[in-house]
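Trainee: Could you take me through the nonpolar interior of this protein, and then through whatever open space the fold leaves? I would like one connected account that I can follow on the model.

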Amino acid sequence: MKSLVGLTLLGLALPASATTLFFAGDSTLDDNGLSLGGRIRAPYYSWGTQLQKAMKTGDRVANYARSGASTKSFAASGRWTKLIAAVQPGDFVAIQFGHNDQKCATPADRETRWADPKGLFREIVRGWVRDVRAKGATPILLSPICRATFDRDGKRLVDVEHASTGVNLRSYRDAMRALAEELACDFVDMNGLTRDLMEGLGRERAHRFFVISTGLVRGKDGEPAKDTTHPIQTGAAAFAKLFLDDVRARGLSVARLFKERDFPITDFGAKADGTTCTAAFAQAMAACEAAGGGRVVVPRGTWTSGAIHLRSNCELHLADGAEIVFSQDPSDYLPAVPTSWEGMECWNYSPLVYAFGCTNVAITGTGTLRGFAGEWKESFWKTAWDRPKDPGVRAARLQLYTWGATDVPVEKRAIWRQKDAHTRPHLVQFNRCKGVTWEGFKVRNSPFWTLHLYLCEDAAVRNLDVRAHGHNNDGIDVEMSRSVLIEDCRFDQGDDGVVIKSGRNRDAWRLATPTEDVFVRDCEIVNAHTLLGIGSEISGGVRNVRLVNCRSRDVHRAIFVKTNRRRGGAVEGISVDGVTVGNVRHDLVSLSVDTLYEWAGFPDYENRVTVIRDLDIRNVHGGRANRRLNLVGDPTCPVRNVRLANVTVDAAAQPDVVANVQLTETSQAAAPAQTR
């Protein structure tokens, strides 16, 4: 039986049969200790740790890579000694160096990092291979991934040599390849694989894989870093796929650690004839998890289902032409599950697609999730605009609000039992999950918020096509979650488009989890109340949110930061650069500290002012608008450090309103502000 010493990853002791894939490397692999219990250091992502998402249940990545490390410094620091002490028979150890080994510009670098690829570099790696084999494990040699440094034409990568040595990254690729041949080791040419991929894409698209594309990291001059070495989430996922495809295609022994099996729902009795397939989905998901993970595949056709619950290491894959139509029978969403409703935790009808406490879960494919066919039954899914006037609806809202304000335990908040509550569930909610991928699928119609990341970490949302025009049909709500990438999506909504939230009032103060490190780019918000909404459920705080290069045809407001006197929390580090909208019904950029909606008549159990600061909004243009700016802060806590540059509209019916806001504006002849 394997010892568990050194194998406590993500806070969990591995089972005796688990196999670990260790990584030794530099900053292109470094994940700030994520797989060893650390946290993601956004926007930097490790392609090695991204492999964890593809692994079978029980097997793990242990990433010992260290930013700035060369083979020489990795050995001298004792990092290799710690790694090899944790290795057990049957494990794998992947070694990738080169980026720092070639550094010798300064005496310090030459002393601590420089390792000649034909000399010391080979000597160190050769010794490490002996160490790994002595432990009964398998070494894998990797060449270093390419930097995305292109020639002037943006078509070919330039492999920069050091002037004094003539050494470049290819020198280390050649050294690793030669060592693999000499020592009969498995070799994965990440240098060649990444070069082929990036040159096939060209400079502009390849740069989307790296920190340079985010603007989230600043250089010493204060300008965005032109970092083409370190991958972000997009690049990490792409490079991990290159590794996986290569080891699988060549049948390398490490390939056995990764999921491959498909579980078609038809193998579990599902029929595309209108029969409810809820049980088939549940059985397929259970079988997938029991096999160590894989894909639950929904084939082409129309499939009817109640709630679908994902499990760890499982992917719900919607094949081209597949459509899941969700049942309108309330019993298909019971038993109730722990969830949330407008920022308050409770037990409610299950979201239509739901994951709770899972790791490495995904929804992929080009098929469709259809929230309902036609209209929801009014008796159950009440969507009327006059819902605050309905006595049952209002009583249930007040009950949920009171539970949150008086610290009633969540397990006792059975809101679904309240008569005429009509607390409609989300279409998709992933709750307390790590390692989330939503990619490629379509959404049509939703009973409530459409896509909801709640208390999640490490999420990638790509290439979605969402259309849901019902009441409260936000596109995507990111709430008390961190390290989230949203890119290349299309949202056509009945409410807000991209929404950043962090819980309501005392409930959020209890959870004390801000939303942070969210990057949104290249999205189209066709119709929505707000292109980017921050709040109004914001009590846990929001920080470090960046949105770039997004567009819309018709919105009430382009950018809207909203809170109220009950929320508390802090909003800081919001950056917007490059937004174009057509019709703007209200304000191009809006900030409100008095947004209460129908909750205004409920009691003020406790008042806390929201601290708002450091908003940087650039290159935002709208067509006709009621107002360009409507920025109103709290007089007791003015909004600080709001910077605008090139924020314009074609025409505004009303002048700007700016009150209790410290505003700096450049590159724009501002409309006269209405003071008060």
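**The nonpolar core and the largest pocket**

Mentor: In this predicted model, the largest nonpolar core has 94 residues, and those with the most contacts inside it are Leu-310, Ile-363, Phe-430, Trp-438, Leu-451, Leu-453 and Ile-486. Strand β32, residues 570-592, supplies the largest share of this core, namely nine residues. Apart from this core there is a second, separate one of 40 residues, which includes Leu-51, Phe-210, Leu-242 and Leu-257.

To see the surroundings of one core residue, take Ile-486, which, leaving aside residues up to four places away in sequence, touches Val-461, Ile-476, Val-478, Phe-491, Val-498, Phe-519, Val-520, Arg-521 and Cys-523.

Some strand pairing can be followed as well. Strand β11 (residues 308-309) runs parallel to strand β16 (residues 353-356) and is joined to it by two bridges, with Ile-308 standing opposite Val-353. β16 also pairs in the parallel sense with strand β19 (residues 428-431), over four bridges, and here Tyr-354 has Gln-429 of β19 as its bridge partner.

Turning to the open space, the largest pocket holds about 1,200 Å³ and is lined by 37 residues, of which Ala-237, Lys-241, Thr-437, Glu-439 and Arg-462 lie nearest its centre. The elements that give two or more residues to this lining include α7 (190-201), α9 (233-249), β20 (434-439) and β23 (457-462), and α9 gives the most, with 10 residues. By residue class, the lining of the largest pocket divides into 13 nonpolar, nine polar and 15 charged residues.

Conventions:
Residues numbered from 1 in each chain as written. Predicted model: local features only at pLDDT ≥ 70, side-chain atom pairs only at ≥ 80, totals over all residues. Heavy atoms only, no water. 1 Å grid on protein atoms, 1.4 Å probe; cavity = no way out; pocket = protein on both sides within 12 Å on 5 of 7 lines; lining within 4 Å. Points joined across faces, edges and corners; volume = space filled by probe spheres on them. Nonpolar A, V, L, I, M, F, W, Y, C, P; charged D, E, K, R; others polar. Core = buried A, V, L, I, M, F, W, Y, C linked by side-chain atoms within 4.5 Å. Buried < 20%, exposed > 50% of the residue type's maximum accessible area, 1.4 Å probe, protein only. Contact = heavy atoms within 4.5 Å. Pairing = 2+ DSSP bridges.
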